[in-house]
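Colleague: Thanks for making time for me today. Could you walk me through this structure, one question at a time?

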Number of protein chains: 2
Amino acid sequence: MSVADQPAGALMAREIAEQPDVLERLLRDGADAFAAARGRIERFAPRFVLLAARGTSDHAALYAKYLVETRLGLPAGLVSPSTLTLYGARPDLADVLFVAVSQSGRSPDLLGSLTTARACGALTLAVTNDASSPLATAAELHVDVRAGAERAVAATKTYTAQLLALHEVLAGGHADLAALPEAAARTLGSVEQVAEVADRYRFATSLVTTARGYSYPTAREAALKVMETCYLGAQAFSGADLLHGPLAMIDAQVPVLAIATPGAGGAALQPVLDRLREIGADVVHVGGADGLPVATDGLPEEAHPIVEILPLQQLAWHMARARGTDPDRPRGLAKVTETW
Amino acid sequence: MSVADQPAGALMAREIAEQPDVLERLLRDGADAFAAARGRIERFAPRFVLLAARGTSDHAALYAKYLVETRLGLPAGLVSPSTLTLYGARPDLADVLFVAVSQSGRSPDLLGSLTTARACGALTLAVTNDASSPLATAAELHVDVRAGAERAVAATKTYTAQLLALHEVLAGGHADLAALPEAAARTLGSVEQVAEVADRYRFATSLVTTARGYSYPTAREAALKVMETCYLGAQAFSGADLLHGPLAMIDAQVPVLAIATPGAGGAALQPVLDRLREIGADVVHVGGADGLPVATDGLPEEAHPIVEILPLQQLAWHMARARGTDPDRPRGLAKVTETW
């Protein structure tokens with residue numbers, strides 16, 4: 001069947017459902033590549049890590065930034081590709097590990113950034129879903145996320161596969177994630193509760209997501225999924241930033257999704273949740289005792305993002321279907337985005 | 001007069017209007033402090049720069065990141081304060097310049113991050129509007145932005161003063177900004193055209209801002225001003241990121257403010273503007289031939305952000321007044337935000 005013959009949302013639904021298998025396969029078949037990348041990075045002994053990505057992959061890069069800072073104990077930054085590509089900056093990148101994350105490996109500005117970074121002395125690592133892509137070829141190190149072809153425009157399985165690959169390369173050995181595929185499958189099993197929330201949001205005109213720490217990339221990715229599939233203004237704020245201004249726009253008509261699985265990030269969100277309650281906000285929790293179920297038992301906090309995005313992908317899908325849009329074919333978007 | 005006695009918006013209006021004087025004073029009275037900070041940073045010879053801030057100051061930090069990458073030729077990153085404060089990361093920060101930007105200098109998480117960074121070997125610089133604040137005292141280097149007391153909750157004059165101070169410390173000597181105060185005064189003089197745009201946005205239910213390169217922090221700050229003062233969901237996207245998903249939610253009902261003053265950033269936004277036109281978006285330009293006037297003649301591109309935010313501050317103010325909110329006293333917000 002061609003894409004045009006699929007019922008609305010069929011591709012995205014299938015790719016969401018594939019994730020336990022994708023994660024299991026990546027843990028198994030990717031182990032050698034992870035170990036090789038880890039070894040090479042260890043020998044290179046970077047002093048700083050730069051991360052470059054766009055869209056969904058940028059949220060995986062943000063996740064990687066937390067891993068680098070907490071697990072490798074190195075300062076890290078998200079690259080502004082434009083400083084390399086528009087303004088011709090040629091920084092000294094000796095001692096720098098440069099990580100580019102891209103589903104397709106075909107974004108010209110990422111390729112330009114990585115090529116420049118390599119010329120400036122960085123060790124370059126590409127994380128893509130296509131081992132033959134220009135980005136994979138241009139980088140000294142490549143990790144294939146092995147998610148299989150992703151046909152829905154809204155990325156789902158490649159996102160969780162990117163998170164897992166980045167975890168294994170940057171924090172592998174710190175934690176055994178063998179329990180992850182099963183946790184993902186259990187989390188996806190709570191779809192009825194997700195559908196109820198989607199139903200409550202049927203007529204929402206905007207949406208806010210919030211989290212702290214490792215869960216903040218999840219908040220960002222959830223907001224993007226909702227924007228892509230439901231054409232709804234959705235904004236993510238770190239809990240701390242929310243209190244620095246954006247709180248003013250939140251009232252009972254702006255639903256808030258708070259991602260707070262057990263751990264330091266969830267605990268740090270508590271004062272924000274208290275403040276949201278004070279102002280009468282409509283808050284739905286993801287994770288934790290009262291939230292949409294996320295199976296995090298036996299997983300370290302740093303692996304929570306890989307499962308906590310799952311009900312939020314399902315939520316975007318259900319909201320899109322309830323609103324009559326086709327999450328497989330968002331208006332105005334192409335699967336591979338070419339930006340310079 | 002106490003704050004409660006002021007007519008709605010009087011404080012913010014006055015502080016917006018003060019900016020040419022604030023910039024002139026800072027250029028004159030801050031010169032010695034800028035030179036001292038530059039000298040110390042040069043001797044320290046950092047290999048990497050980390051920037052930490054929240055809210056409006058975070059947009060000044062983002063601007064500084066572009067300066068560091070293009071002018072100092074160093075890789076840079078925006079700190080996730082939570083990795084230092086929540087997760088207890090203790091990275092090796094020898095060779096790292098750590099810059100904290102805060103109007104009040106009183107945010108506990110920034111203070112915690114800066115103190116930790118200093119203990120980890122970084123050279124620390126605080127940019128604040130209060131030389132006796134805890135953050136100013138805790139840092140080895142301090143630059144006072146000399147904006148005078150800021151009483152409106154929505155920051156305006158401290159933002160442009162932060163931008164100027166960061167420019168002078170990080171790129172001082174590259175360009176003479178003597179023309180800046182006059183350019184700011186001329187830009188503020190186009191308020192009637194701004195008020196017309198505010199009137200057109202009277203019933204908008206959301207708003208998107210977009211830009212590339214140096215103007216991207218302006219897009220972020222403009223969105224925050226609108227959220228704080230008008231209680232309107234406003235989102236900023238780099239032009240490149242906009243094409244990676246969020247474009248789907250834009251239709252003729254979602255006004256787009258495109259910041260594109262002459263230069264590489266404005267030129268790079270052109271394909272995004274073309275795409276927005278194709279999908280029938282309602283785009284208002286800021287800067288450039290057809291846009292809200294921004295006086296950038298004689299200023300290098302890297303100084304444009306200091307003037308191009310001015311009509312956007314005015315726009316937020318006019319939109320707030322048209323909608324019946326008081327931009328001086330946004331609901332739910334305090335001037336100093338304490339987050340951990």
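**A helix, an interface and a few strands**

Modeller: Happily! This is a predicted model. Let's start in helix H13 (residues 264-278) of chain B, where B:Asp274 and B:Arg277 lie 3 residues apart, about one turn of the helix.

Colleague: How far apart are N and O where the side chains of B:Asp274 and B:Arg277 meet?

Modeller: An α-helix has 3.6 residues a turn, so residues three or four places apart point the same way. B:Asp274 is partly exposed at 31% relative accessible area, while B:Arg277 counts as exposed at 55%. Their side chains meet in a salt bridge, with an N to O distance of 3.5 Å.

Colleague: Which parts of chain B does the salt bridge of B:Arg40 and B:Glu140 link?

Modeller: The closest N and O atoms of B:Arg40 and B:Glu140 are 3.9 Å apart, and the two form a salt bridge. B:Arg40 counts as partly exposed at 31% relative accessibility, and B:Glu140 is partly exposed at 31% too. The two residues are 100 apart in the chain, and the pair links distant parts: helix H3 (residues 31-44), and the loop between helix H7 (134-138) and strand S5 (141-144) of chain B.

Colleague: Is A:Arg28, the partner of A:Asp29 in a salt bridge, buried or exposed?

Modeller: In that salt bridge, the closest N and O atoms of A:Asp29 and A:Arg28 are 3.1 Å apart. A:Asp29 is partly exposed, at 34% relative accessible area. The cut-off for exposed is over 50%. With 56% relative accessibility, A:Arg28 counts as exposed.

Colleague: How many salt bridges are there between chain A and chain B?

Modeller: Over all chains, the rule gives 35 salt bridges. One that joins the two chains is formed by the side chains of B:Asp95 and A:Arg47, at 3.0 Å from N to O. Between chain A and chain B the count is 5.

Colleague: And what area is buried between chain A and chain B?

Modeller: The size of an interface is often given as the accessible area lost when the parts come together. Here 67 residues of chain A are in contact with 66 residues of chain B. Carbon and sulfur atoms give 57% of the buried area, which is about 5200 Å².

Colleague: Which element gives the most to the side of chain A that touches chain B?

Modeller: Across the interface, 18 residue pairs are in polar contact. Several elements of chain A each supply at least two residues to the side that touches chain B, including strand S1 (48-52), helix H4 (56-72) and helix H11 (216-230). With 5 residues, the one that gives the most is S7(A).

Colleague: How many residues of strand S4 (residues 123-128) of chain B are buried?

Modeller: B:Leu123, B:Leu125 and B:Val127 point one way from S4(B), while B:Thr124, B:Ala126 and B:Thr128 point the other way. S4(B) also pairs with strand S3 (residues 96-102) of chain B in the parallel sense over 6 bridges. The strand is largely enclosed by the rest of the structure, because its buried residues number 6 of the 6.

Colleague: Which residues form the covered face of strand S9 (residues 283-286) of chain B?

Modeller: S9(B) pairs with strand S8 (residues 256-259) of chain B in the parallel sense over 4 bridges, and B:Ala258 stands opposite B:His285. B:His285 belongs to the uncovered face, along with B:Val283. The covered face is made by B:Val284 and B:Val286.

How values were computed
Residues numbered from 1 in each chain as written. Chains lettered and ligands numbered in written order. Predicted model: local features only at pLDDT ≥ 70, side-chain atom pairs only at ≥ 80, totals over all residues. Heavy atoms only, no water. Contact = heavy atoms within 4.5 Å. Buried area = accessible area lost by both parts, 1.4 Å probe. Salt bridge = Lys/Arg side-chain N within 4 Å of Asp/Glu carboxyl O. Polar contact = N/O pair within 3.5 Å; in protein donor to acceptor, adjacent residues only side chain to side chain. Buried < 20%, exposed > 50% of the residue type's maximum accessible area, 1.4 Å probe, protein only. Pairing = 2+ DSSP bridges.
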